[in-house]
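Reader: Hi, got a minute to walk me through this one? I'd like to start with the strands and then get to the rings.

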Amino acid sequence: MAVYERGAGAHVAERVRPVPGSEEAERYAALAADPASGWRCAEPDPEPDQEPVVLERPSKSASKADWKAYAVQEGMGEAEADKAPRDELAAKYTDGGGD
């Protein structure tokens, strides 16, 4: 999480750590970008270390959890994937069962 500070020299008058992605975080990022505001980003958000993991299609006999994760990756809603039986998920994504 980024940390924003306002102050003069070594003196810090305010220090905030807004929730990433929140309106507050956007507001402090905009303030830090404006040199006249007195705010600065003291600790930027860390950069992601790696690319997102892309799951390979599980085997037909894989667990419900594996099929759910694959279905969600392929665009199915998480709630829908949760409700669907494992065999239904496997059938949808194997043997030409796609969309």
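Reader: So, what is the strand order in the open sheet, and is the pairing parallel or antiparallel?

Author: Happy to help! Keep in mind that this is a predicted model. The open sheet has 3 strands in the order β2-β1-β3, and the pairing is antiparallel. At the edges are β2 (11-16) and β3 (39-43), each paired on one side only.

Reader: Nice. How many bridges join β1 to β2?

Author: There are 5 bridges between β1 (residues 3-8) and β2. In one of them, glycine 7 has valine 12 of β2 as its partner.

Reader: And which strands does helix α1 lie across?

Author: Helix α1 (residues 23-33) lies across β1, β2 and β3, at about 110 degrees to β3.

Reader: On to the rings, then. How many aromatic pairs are there?

Author: The count is 4. Among them, tyrosine 4 and tyrosine 28 are stacked, at 5.9 Å centre to centre with 20 degrees between the planes. Tyrosine 4 belongs to β1 and tyrosine 28 to α1, so this pair ties together parts 24 residues apart in sequence.

Reader: Is tyrosine 28 buried or exposed?

Author: Tyrosine 28 is buried, at 7% relative accessible area, and tyrosine 4 is buried too, at 8%. Ring pairs link Tyr4 and Tyr28 with Trp39 in a cluster. Arginine 27 lies over the face of tyrosine 28, 4.7 Å from the ring centre.

Reader: Different spot: how are tryptophan 67 and tyrosine 70 arranged?

Author: Those two are edge-to-face, with 90 degrees between the planes. Both sit in helix α2 (residues 64-73), about one helical turn apart. Tryptophan 67 is buried at 0% relative accessibility.

Definitions and conventions: Residues are numbered from 1 along each chain as its sequence is written. This is a predicted model: local features need pLDDT of at least 70, side-chain atom pairs count only at pLDDT 80 or more; totals for chains, interfaces and linings use all residues. Side-chain values use heavy atoms; hydrogens and water are left out. Two strands pair if DSSP finds at least two bridges between them. Helices (H or I, at least four residues) and strands (E, at least two) are DSSP runs, numbered from the N terminus. Contact means heavy atoms within 4.5 Å. Axes are lines fitted to C-alpha atoms, for helices over the stretch in contact, and angles run from 0 to 180 degrees between N-to-C directions. Rings of Phe, Tyr and Trp (its six-membered ring) pair if their centres lie within 6.5 Å; planes under 30 degrees apart count as stacked, over 60 as edge-to-face and the rest as tilted. Buried means under 20% relative accessible area, exposed over 50%, partly exposed in between (1.4 Å probe, protein chains only). A charge sits over a ring if NZ of Lys or CZ of Arg is within 6 Å of the ring centre and within 35 degrees of the ring normal.
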